Each structure stands twice: as C-alpha cells, then as structure tokens.
Amino acid sequence: MVEANNEKVIILDFGSQYTQLIARRVRENNVYSEIVSHKTTVAQIKKINPKGIILSGGPASVYVTNAPRCDEEMVKLGVPILGICYGMQLGCQMLGATVRPTATREFGRTACTINNKSNLFKSIDKDAAVWMSHGDQVVELPREFESLAFTRNCPYAAVKHKNKAFYGVQFHPEVTHTQHGNIIIRNFLYEICGCKGNWKMRSYIEKSVEDIRKQVGAGRVVCGLSGGVDSAVTAALIHKAIGNHLSCIFVDNGLLRDYEAEEVIKTFREHFTVDLHAIHAQDRFLDKLKGVLDPEKKRKIIGHEFINVFKEEAKKISGAHFLAQGTLYPDVIESIPAHGGPTVIIKSHHNVGGLPAELGFDLVEPLRFLFKDEVRKIGEELGLPEELVWRHPFPGPGLAIRIIGEITRPRLEILRNADKIVIEEIRKAGLYRSIAQCFAVLLPLSTVGVMGDERSYEHVIAIRAVETTDFMTADWCRIPHETLGVISNRIINEVKGVNRVVYDISTKPPSTIEWE
C-alpha cells in the first residue's frame, strides 16, 4: 500500500507483538504509517523520505550476538526518531549509551514521573501510569543525552539527545494501558516531526481501489465470504474497483453459528449485486476434523479444506485467477513474521498460516494493513448496513476453535444453542455495541451437578466477553451480574447436556481472545 500523500512515518520492526499497534496509533492521528524491516538501509529510507522514524520494541537484548539492528547511519539523517522499548535501547546504544540487564524487571502498569516536559510530553501531567515490558534498560548515558522521565526502577524511562532528533521511551505508548500514550505519539508526530495530518480513511479507500485495479486488470476475482465485516468490506472494496468482475463464494463448513448460513446468503443477496455461490460442505469438514484435538491442526485442516472447496468451485468460474481475503494486520502479525521482522509466531490464522503452498491463485488482500476498527470505518464509508459493520468478529475456523477438544455434531449443537442465548441476552441488555466480542466456549470436561432430584454429570460452558479497539490487547467486560445470571440460567435450563456456566475474566495478554 502506498500513501495517498507525501506525509509518511515509517516504523522499523524489531519483532514486537505491538509493532502494528504503533502503526495504528500513527494512523489514528491522520498520518500515514508504514512498517518496514529493521534491515531497511539508509539509502532506502532516503527514497521513502519519511517525516519521522519509529523504532519498535522487540524480544531480543541489544547487547547479544546477532541481535536485530538497523543501519547506524540512520541517526545522522536528521529525520526525527522515536525509539520504543528495545528501539530506545538500540538507539541509545548506537549513540554511545550503555544497556544492561536490570536487577528488577518491570512488566505491566508502572508509575512514571516526567521530569522534563520537552515537546514529547507537552500537555501531559507530571505523574502518569505507563505500560512497561522489559528486563534490560539504559544504565549510563553520554553527556549529549538528557533524561525526560523515570520510574522507581528505571532512571531513564524516557530520554532525548541534545544535538540529534532522537527520543526514546522505555515504556510502550502505543498500548491503551499507558496513560496519555496517544498524546505522546501525537506530540512526536506534530510537535517534533511537523506532520500536518492530512491522511484519512477515504484516502485508504481511494488508494485500495486504485491498487486493486492495477493488480487485477481485466481478470476476475473470487472472494471467500464468511458473513463477517472483514469479508464484507473486502467484497465491497473489490466490487467498487472492478464491478461485475467479482464472484463471491460462501462455504458452509458446518462450523457456523445457529442460522448463520441462511443469514449470510440472505444478507449478501440483498446488499450486493455480485455473483454469489453458496456451497454446503458440512460433511467434508466434519469428516476431516474427526478425532482431531490439537488446535493448530484444526486451524490448518479447516484452512486447507476451505481452499480445496474454494478451488473446486472457482474452477467453474471462467477467468478466475485472483483470490480475495479479508486478512487483517492482527492476523498477519500473530501468524508469521511481518515485513521481514523477527516477530514471534503466536498462532496460525486460516487466512495466513493455513494456506497450502500451491494456492493456484494470486492473493488480493486490501485490508492486510488495517485493524478491525479501521475496517468498520471503511464499511461505514462504503455504506454497508449497520448490523453487518458492527457484527462481532467470528473466526474463520468458526466454532471449531470454541470447542476445546474433538469436534462432533452433538458438541456443535450444544455450543450453537448456548452461543445463541449469550448473544440474545447481550442484545436484550443493550450491551452488544459496547462489547467488542462476546461468545460461548464448550470446555473438554464434565462436572457434577444436581438437576431435579438426580445427580448429573454434564458439560461446562465458558462465556468470553472483551473490551478492545484493536484486538491486539483486550480487557474482560464487566457485564452486570444480573445479565450473567440470566445467561447462565437460560443455558442450564434450555441447553440439554450443560449443568455449569463460568465466566472468563482474563486479559489479552497474557491470554488470547479466542480459547484456541
């Protein structure tokens, strides 16, 4: 993706799980951002001509052999640089500072004192809570540096070079847990880099349409629909670009929620004037998943079988050479090392890690550099119906990764019925739009209970509900106890085979949003 104006900030990826969050925060402030490999040379950076450079965090230690490094000439370009966590340590080390392991590591929310406002901390209170995640830190600074902030265990929580436009923060301003983090990033963009902020979501749409036309030409694109906002926006963008050269294929894999297949077909036939192929392949998927317990195997089996079904149907569509997917930034960063960076793989997504080596199509992924909330903004810009734009995310592998253990038809039926009740009651309570994602999970155990005058030994349902804007970090929702009580009572009374309901109160990290 190329920016629609000349104002750009680049982010050098050193492997942080939060690298894409940095890009998102920059774009939130109406400045186009692009993530590039930490191996990008100074010559390449000059061609990009960025307004600013951000060095991401990363899991390595700057003082070990083979630690990821960037071109050291970069600090001589005169372009403002902000180093975050590992990026701060590396930038400081390149400018003569000493970095060592700390006696006391800092992880999580930490009290921080700003002792030198500078432009980076303009309009921010002296005392703030920041999100730390480090076992190394800068311990000695040359005279050319000045300290901007400190914590109890970190004397240089933020620094500035006196002669060069280098700033560093040991904490992570990109995560929502850092108080005033977005202001810090905004200050870097506007007060230090001199950005004007003229990049908007409309620019992304226009450029996406242009890129799709260039890539596809006179070819035909087939798009896999799931009924969710990602595939819907993908289809809408591609349709805007190439019109009736788009065909959509919806595969009912038997892992959808109650009545979802019918709703998907109805929605897309009412709101899209595209060639829609609905394939009912429940038996194929469930047969392949028989006896499979490992979540990664589930994902890959579903991903491979989806492509097989898709390819079979696509062969019937004349001139189909391109496959469109609603892959998002979080999918990419959690699945494979992005942009040549040393990012740790968290899990495989069916759109990314589960694809077979010989796909047979050229991929079209117009949302690959976006987060969920940005996709929704595009959906609204394109005029998609509200109920589609704000539908809670549903994973590509469907209920397969919400059933812990083996996938069977009886277990699918239990989970479908429980999940339907959860969504019904969340809607009744007026909470659906305020919750980012809410769903039921079927656990691989049974517990003792008393139903009537008899002892029961039946399944357990877990309820998961989170608050998040970017799906990279998330907090559990404080759903009113009365609502949880109604949900639990209905599931136990209406779903045959369940005698216990529990509520998940873990955050991401350390947990993921989905259970598998």
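Colleague: Let's start with Leu323: is it buried or exposed?
Modeller: This is a predicted model, where local features need pLDDT of at least 70, side-chain atom pairs count only at pLDDT 80 or more, and totals for chains, interfaces and linings use all residues. Residues are numbered from 1 along each chain as its sequence is written, and side-chain values use heavy atoms, leaving out hydrogens and water. The scale is relative accessible area with a 1.4 Å probe and protein chains only: under 20% is buried, over 50% exposed, and in between partly exposed. Leu323 has a value of 1%, so it is buried.

Colleague: Which strand is the place of Leu323?
Modeller: Helices (H or I, at least four residues) and strands (E, at least two) are DSSP runs, numbered from the N terminus. The run that covers residues 320-324 holds Leu323, and that is strand S13.

Colleague: And how far apart in space are Leu323 and Tyr204, C-alpha to C-alpha?
Modeller: In sequence, 119 residues separate Leu323 and Tyr204. In space, their C-alpha to C-alpha distance is 20 Å.

Colleague: On to Asn187: is this residue buried or exposed?
Modeller: Asn187 belongs to helix H4 (residues 181-192). Its relative accessible area is 7%, so Asn187 is buried.

Colleague: Which backbone atom lies 2.9 Å from a polar atom of the Asn187 side chain?
Modeller: Contact here means heavy atoms within 4.5 Å. Setting aside neighbours within four places in sequence, Asn187 is in contact with Asn119, Leu120, Phe121, Lys122, Ile124 and Ile192. One of these residues supplies the atom you ask about, the backbone oxygen of Lys122.

Colleague: Nice. Which helix gives the largest share of the largest nonpolar core?
Modeller: A nonpolar core is a set of buried Ala, Val, Leu, Ile, Met, Phe, Trp, Tyr and Cys residues joined through side-chain atoms within 4.5 Å. The largest has 90 residues, and Val222, Leu246, Ile426, Ile461 and Ile491 touch the most other members. Nine residues, the largest share of this core, come from helix H6 (residues 229-242).

Colleague: How many residues are in the other core that lies apart from it?
Modeller: Val26, Val31, Tyr167 and Val169 are among the members of that other core. Its count of residues is 33.

Colleague: What is the volume of the second largest cavity?
Modeller: On a 1 Å grid over the protein atoms alone, a cavity is a set of points where a 1.4 Å probe fits but cannot get out, while a pocket is an open set with protein on both sides within 12 Å along at least five of seven lines; lining residues have an atom within 4 Å of a point. Points are joined across faces, edges and corners, and a volume is the space filled by probe spheres set on them. The whole structure holds two cavities of 30 Å³ or more. For the second largest, the volume is about 30 Å³.

Colleague: How many residues of that cavity's lining are nonpolar?
Modeller: Ala, Val, Leu, Ile, Met, Phe, Trp, Tyr, Cys and Pro count as nonpolar, Asp, Glu, Lys and Arg as charged, and the others, Gly among them, as polar. The lining of the second largest cavity includes Cys112, Phe121, Phe171 and Gln179. Strands S5 (98-114) and S6 (127-140) each supply at least two of its residues. One lining residue is polar and none is charged, with the nonpolar ones numbering eight.

Colleague: Now the largest pocket: which helix gives the most to its lining?
Modeller: This pocket holds about 670 Å³, and of its 24 lining residues, Arg257, Glu260, Glu263, Arg391 and Arg427 lie nearest the centre. The lining divides into seven nonpolar, four polar and 13 charged residues. Helices H7 (260-271), H12 (386-389) and H13 (409-428) each supply at least two residues. With eight residues, the one that gives the most is H7.

Colleague: And which strand gives the largest share of the second largest pocket's lining?
Modeller: The second largest pocket has a volume of about 410 Å³. Of its 23 lining residues, Gly58, Pro59, Phe107, Ser133 and His172 are the closest to its centre. The lining counts ten nonpolar, twelve polar and one charged. The largest share, six residues, comes from S6.

Colleague: Last one: what is omega for the cis peptide bond that joins Pro509 and Pro510?
Modeller: Most peptide bonds are trans. A cis bond joins Lys508 and Pro509, with omega about -15°. For the cis bond between Pro509 and Pro510, omega is about 10°.

Notes: A polar contact is a pair of N or O atoms within 3.5 Å; within protein, one must be able to donate a hydrogen and the other to accept it, and residues adjacent in sequence count only if both atoms are side-chain atoms.
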